[in-house]
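Welcome! Here is a short briefing to help you find your way around a protein you have not met before. Take a look at the sequence and the model, then read on.

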Amino acid sequence: MSGFKQVSKAQARRHMAVDERIERMAEAPLDLLLREEFVHEIATLWRSAQEKFLLIGRYLVQARHRLPHGEFQAMVENELPFGYQVAYQLRMVAEAVDSGRLPGAKLPPSYATVYQLATLTTEQLRLADQRNLIRPDVTRPEIVRFKRDLRETAMPAPDQREALIAERDQLRARLAVIEAALESLDEV
């Protein structure tokens, strides 16, 4: 017996990248005095939190694509420190940033706020950008208000509403057929 513990490639990479002693030292609070010092440290930590949320979202995207059918949902529901709704939001944020729909450099550090942006259509995102709502300091209430304003100005007439509901139902039925086909392919 060699005394070495067998670890996965991901565990080895994590160990090589981060010495836990150094990590603990980096997380120890500094004795700050000046306003600029507080601003710098807090802003640095806030950016780091945003990067970590994006990385978590990317791992969730990978897990959803790579784990066998049913394992992803079981993992989220039983083993992660957040629920399915948060996992969904983190995935949607990562996908929107990685696909280029959302500009990573201009986004706020809150995944919940970025998720609100990720739910917008391409045209709505263009309009949000024109109204300066895609910026690092935008707040969730600003985006929610923007979305409410969009809904209020674009309320379809009653006959249009019925047509849209019918179209939505048709799309949902088609989506169910596609998902069933994908599941059958995953089982093979």
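A residue is called buried here when its relative accessible area is under 20%, exposed when that value is over 50%, and partly exposed in between. With that in mind, helix α6 is a good place to begin: Tyr111, Thr113, Val114, Tyr115, Gln116, Leu117 and Ala118 are buried there. Please remember throughout that this is a predicted model.

**The overall picture**

- The protein has nine helices and zero strands, so its pattern along the sequence reads α-α-α-α-α-α-α-α-α by the helix and strand assignment used here.
- Of its 188 residues, 22% count as buried.
- About 14,600 Å² of the protein is exposed, and carbon and sulfur atoms supply 57% of that area.
- Among contacts with a separation of 6 or more, 49% are between residues 24 or more positions apart in the sequence.

**Helix α6 and its surroundings**

- Why is α6 described as largely enclosed by the rest of the structure? The reason is that seven of its eight residues are buried.
- The cover over the buried residues of α6 includes α3, α5, α7 and α8, the last of these spanning residues 140-153.
- Glutamine 116 belongs to helix α6, and its relative accessible area of 10% makes this glutamine buried.
- Which residues does glutamine 116 contact, once its neighbours within four places in sequence are left aside? They are Arg140, Ile143, Val144 and Lys147.

**A meeting point on helix α3**

- Glutamine 50 sits in helix α3 and counts as partly exposed, at 22% relative accessibility.
- Not counting residues up to four places away in sequence, glutamine 50 touches Gly104, Leu107, Pro108 and Pro109.
- Glutamine 50 and proline 109 are 59 residues apart along the chain, yet their C-alpha atoms are separated by 4.7 Å.

**Salt bridges**

- How many salt bridges does the model contain? The count comes to six, and three of the pairs are described below.
- Lysine 106 pairs with aspartate 129, their closest N and O atoms being 2.9 Å apart. This pair links distant parts of the chain, 23 residues apart: lysine 106 is in the loop between α5 (84-98) and α6 (111-118), while aspartate 129 is in helix α7 (residues 122-130).
- Both partners of that bridge are partly exposed: lysine 106 has 34% relative accessibility, and aspartate 129 has 36%.
- Arginine 126 forms a salt bridge with glutamate 123, with 2.1 Å between the closest N and O atoms. Because these two residues are three apart in helix α7, about one helical turn separates them.
- Arginine 126 is partly exposed, with a relative accessible area of 41%, and glutamate 123 is also partly exposed, at 45%.
- Aspartate 137 and arginine 135 meet through their side chains in a salt bridge, at 2.6 Å from N to O. Salt bridges that share partners also bring in Glu142, joining Arg135, Asp137 and Glu142 into one network.
- Are the two partners of this bridge buried or exposed? Aspartate 137 counts as exposed, at 54% relative accessibility, whereas arginine 135 counts as buried, at 18%.

**The second largest pocket**

- The second largest pocket holds about 610 Å³ of space.
- Its lining is made up of 16 residues, and those nearest the centre of the pocket are Arg64, His69, Gly70, Glu183 and Asp186.
- Which helices each supply at least two residues of this lining? They are α3 (35-66), α4 (71-79) and α9 (158-187).
- Helix α9 gives the most to the lining of the second largest pocket, with six residues.
- Sorted by class, the lining of this pocket has seven nonpolar, four polar and five charged residues.

Definitions and conventions. Residues are numbered from 1 along each chain as its sequence is written. This is a predicted model: local features need pLDDT of at least 70, side-chain atom pairs count only at pLDDT 80 or more; totals for chains, interfaces and linings use all residues. Side-chain values use heavy atoms; hydrogens and water are left out. A salt bridge is a side-chain nitrogen of Lys or Arg within 4 Å of a carboxyl oxygen of Asp or Glu. Helices (H or I, at least four residues) and strands (E, at least two) are DSSP runs, numbered from the N terminus. Buried means under 20% relative accessible area, exposed over 50%, partly exposed in between (1.4 Å probe, protein chains only). On a 1 Å grid over the protein atoms alone, a cavity is a set of points where a 1.4 Å probe fits but cannot get out, and a pocket is an open set with protein on both sides within 12 Å along at least five of seven lines; lining residues have an atom within 4 Å of a point. Grid points are joined across faces, edges and corners, and a volume is the space filled by probe spheres set on the points. Ala, Val, Leu, Ile, Met, Phe, Trp, Tyr, Cys and Pro count as nonpolar, Asp, Glu, Lys and Arg as charged, and the others, Gly among them, as polar. Contact means heavy atoms within 4.5 Å. Accessible areas come from the Shrake-Rupley method with a 1.4 Å probe; for residues, only the protein chains shown count as cover.
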